[in-house]
Amino acid sequence: MDTQNWHGMETEEVLKKLDSSHHGLSDKEVKTRFDTFGPNELTAKKKTGPLEILLHQFKDIFILMLLAAITVSIFAGETTDAMTIGIIVALNAVVGFVQEYRAERALEAMREMTAPKARVFRDGEMRMIPAIEVVPGDVLLLEDGDRIPADARLIDVIDLQIDEAILTGESTPIEKTTSTVDIETAIADRKNMVFMATHVVFGRGQAIVTSTGMNTEFGRIAEIVQTTETEETPLKAKLNKFAKKLATIIVAICAVIFIVEAFRGETLVESFLIAIALAVSAVPEGLPAVLTVTLALGARDLAKRNAIMRRLSSVETLGSTTVICSDKTGTLTRGEMTVRRIYTDGRDIEVTGVGYQPRGRFLLKDKPIEPLKEPNLELVLRIGALCNNARLDLKSEPRIIGDPTEGSLIVAAFKAGLTLEKLSQEYPRLQEIPFSSERRRMTTVNFTPGSQMIVCNKGAPETVLERCAFMLKNGKKTPITKDDQEKILEANGQMAKEALRVLGMAYKILPKDISETHREELETGLVFAGLAGMIDPPREEAIRANRLCEEAGIKTVMITGDHKLTAVAVAKEIGMIDDNGIVLTGSELDNLSDEEFEEMVEGVRVYARVSPEHKQRIVKALQSREHIVAMTGDGVNDAPALKHADIGVAMGITGTDVTREAADMVLVDDNFASIVSAIRGGRIIYDNIRKFAFFLMRCNFDEIFVIGTFALLNLPLPLLPAMILWLNLVTDGGPAVALSFDPPTEDVMKRPPRDPKEGVLQGKIASIVVSFLFQVLGTALLFYMAYFVWGDSIQKARTMAFMEASFFELIVVWNSRSDRKNAFKVGFTSNKYLLVSVLIGMALSISLVHVPVLAAMFDLVPLTLHEWLIVLGVSAFGFLLMPEYLYDRKIWNWR
């Protein structure tokens, strides 16, 4: 039944096809349909369980390499090494598990949002039933405040308005009718339909259920969220690519060593152990641990900036974003209708202020005016406030109770000093003729302080004008002419072009004692007072944030379910689009093939009247152009695209549980500007990841080469396995973590986003190779001189080589902080954590030599002052590895 175009059918045809009536279904028929269609709920597909999530943490290539190292260490009898590496692996698994455990809860959040109860007609009587028992063909009774339990076709309405922002992104309640609409009509424009999880804000009606559970529009979104694959983050993809290349090199070298050792007469077991020992020495054991700590610290810092990360691996992704796709309502805008302009007596008056904050000024030709000293303006504001059923709640944060459009009129009057409390006392209401979609106007009758009665009328400008015989000119009531009407309609048209929602205001004074005849003529012979234009305005901080995005080379795109004209007006005010910008609607997008759309997607800055499927398609098209896409949103309609995007950004205040659970990041304050702050934080984090990855790689390959060379020459090894593990974990670990605290460069938000294809070590390979050569020569030469030339013991030679390797790494870290500046230009005190970690590293290294217990564990011996000077002298060559002479030197393409 859910495949029918119910919105294109007459109500009687809908009743016939659903085999139902205005009196509802019988209990017997309900049972049959419940057995056929099942309960009205969102059904879950099999989700990843805790055990699967835990096992997933061990699929990372670096972790697999470490697991191999643990196995070999146990096999070789090095239980201490195995335990140390095991702790690192366990740390990564625990942190990853905790972060990802909650990632698959979007469906449960959706269930919480569905209506728990429903009023239906069955066997001709009204019953309150659990929403889960609603079936197709049930007749729903809808009233103000109800949450819609299922998709349904309206068969009767009385001033019915539905808030559908959660599904379509529409910023204002939708006036519903029973009239048929074209079968091609988009969901947001199906005014004769109501949808699951939306709610009634005004009026009442009856509707016949057409779809339940997963067959509803809400259910289709749930299906999309469940079936959407979570995209691999750019950082993880790059590290995996890097790890594969590293593993290939290590395996190749170890294979050569194994073959050579076997040909030299060593047993296959001994040859294999030597080769595996080399592999263990080359694996950067500290990289996964330092990466985890850096991302965790970055997530903590972002939380202080009102951005909560739900997945650690996504911390840096926002920093590499090239496109931000943002919803309009509540994200770029406040989600609060605001009166912007008032037209009265031929004058355009601007009203400042944003949202429901009752602060603002009235400007005539950019000059402030006193509204209470302007009779025509004061009258327009008073009519708007009296002919109104909304309320302004100022107890904490200002909020509107009632219709947002009416609320904007209350706020505008408040800005002029006309509080609703005062007006209600001075002008008590006597009568009301409510607004309806057929009448398109509302009228109230109020007593005046002068013992008269005033008729206040507001509505669509054309409708109000039809009822007006007079207008105010210079404060005087004069007959309205055709020329006057044309000027008013011209002002109305100009406001409409600016995407303002326009209401006309009129009035007339009645004598105190009126007859029934007068009551019937309340809406005739009115005096036109003016027009009020309102809009859901952009956040001021969103305008600033968009400017910062432009400076950072990040493109911002608006994706909304709202009307094209409104979307373009808001986008222009923010600065997202100019007169030459491309705007696409959902229907236009449907007419484009994937290839055609991918060709033009780069130039489109605004998408209007789109569905959840459209949003996903937009994200995919941008990703096909190799963009890193961030998608922001707050409504249910955003959830599928959030999950598909490289990073989904949900609103913490106005956002639904669905979007928060589907997102990678949640903005605590719903502030678009917080995204820019998070982008900056993400860029800093990625820069620092590059720094410590660069540092760790500068300090790893020398060990495998030195040990491999000496093993092939059948010479004593300069470094033992315990020494290598110490270098990789202790000597390198502290400074590597400290690099994650490195302060940002001055141009962090002035440079364009990096190329998505750019590798973690882009531009740094020359530095790694030169560092490798310096370290190899320093370690090997010092060992060779001490043991073969000076005749020192093997312990003394290894001690000098080990200390040289340690101090070289603690020195070269200072030249790992910038791509363009050496240690002396960057300075040694700007990162106090690094300074402390280096000093601690030096102290620990010295203690290994001079504390007897530690020296015995590592088979070391004390060094004399002269020997220490030699060690430090060789290590100091690390200061010569200046990045400005080595960055971006082409050796080979390593990504």
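## Close-up views of the model

**View 1. Phe121 stands opposite Val139 in strand E3.** Welcome to a predicted model, entered here through one pair of facing residues. The pair belongs to strand E1 (residues 117–122) and E3, which are joined in the antiparallel sense by two bridges. E3 has a second partner as well: strand E7 (residues 199–211) runs antiparallel to E3, and four bridges join the two. On that side, Val139 stands opposite Ile208 in E7. How are the two faces of E3 (residues 139–142) placed, covered or open? Both are covered, with Val139 and Leu141 buried on one side and Leu140 and Leu142 buried on the other.

**View 2. Leu15 sits in helix H1 (residues 11–17) and touches Ile208.** Ile208 is the residue of E7 that stands opposite Val139, which links this view to the one before. Leaving aside residues up to four places away in sequence, Leu15 also touches Ser20, Ser21 and His22. Is Leu15 buried or exposed? With a relative accessible area of 3%, Leu15 counts as buried, because the cut-off for that class is under 20%. For a distance to check on screen, try Leu15 and Ile155: they are 140 residues apart along the chain, and their C-alpha atoms are separated by 9.0 Å.

**View 3. Asp123 and Arg609 both have a positive phi.** As background, most residues other than glycine have a negative phi. Asp123 departs from that habit with a phi near 55°, and Arg609, also not a glycine, has a positive value of about 55°. Where in the chain do we find Asp123? Asp123 lies in the loop between E1 and strand E2 (125–130). Arg609 has its place in the loop between strand E25 (604–608) and helix H23 (612–624). As for accessibility, Asp123 is partly exposed at 44%, whereas Arg609 is buried, with a relative accessible area of 12%.

**View 4. Eight strands form an open sheet with mixed pairing.** Reading across the sheet, the order is E8-E28-E27-E26-E9-E23-E25-E24. Which strands are at the edges? They are strand E8 (307–309) and strand E24 (582–585), each of which pairs on one side only. Neighbouring strands of the sheet are turned against each other by 20° on average, direction ignored. Within the sheet, strand E26 (residues 629–633) and strand E27 (residues 647–651) are parallel and share four bridges. To find your place in that pair, look for Thr632, whose bridge partner in E27 is Val649. Helix H26 (residues 672–698) packs on the sheet, touching E8, strand E9 (323–326), strand E23 (555–559), E26, E27 and strand E28 (665–667). The direction of H26 makes about 160° with that of E9.

**View 5. E23 is mostly covered, with five of its five residues buried.** Zoom in on this strand of the sheet and look at its two faces. Lys555, Val557 and Ile559 are buried on one side, and Thr556 and Met558 are buried on the other. E9 runs parallel to E23, joined to it by four bridges, and Ile324 stands opposite Thr556 there. How many bridges join E23 to E25? Two do, and these strands also run parallel. In E25, Tyr607 is the bridge partner of Ile559.

**View 6. Helix H30 (residues 765–789) and helix H31 (residues 794–812) come within 8 Å of each other, axis to axis.** The two axes cross at roughly 155°, which makes H30 roughly antiparallel to H31. The crossing is right-handed. The contact has twelve nonpolar, four polar and three charged residues. From H30, the residues taking part include Phe774, Leu782, Phe783 and Tyr787, and those of H31 include Ile794, Met800, Phe808 and Val812. Also in the contact are Ser771, Gln775 and Thr779 from H30, along with Arg798, Glu804 and Glu809 from H31.

**View 7. Stepping back, the protein has 35 helices and 28 strands.** What share of the 895 residues is buried? Buried residues make up 56% of them. Among contacts with a separation of 6 or more, 71% are between residues 24 or more positions apart.

Technical notes:
Residues numbered from 1 in each chain as written. Predicted model: local features only at pLDDT ≥ 70, side-chain atom pairs only at ≥ 80, totals over all residues. Heavy atoms only, no water. Buried < 20%, exposed > 50% of the residue type's maximum accessible area, 1.4 Å probe, protein only. Pairing = 2+ DSSP bridges. Contact = heavy atoms within 4.5 Å. Axes fitted to C-alpha atoms, helices over the stretch in contact; angles between N-to-C directions. Parallel < 35°, antiparallel > 145°, perpendicular 65-115°, else oblique. Left-handed = near helix turned anticlockwise from the far one by under 90°. Nonpolar A, V, L, I, M, F, W, Y, C, P; charged D, E, K, R; others polar.
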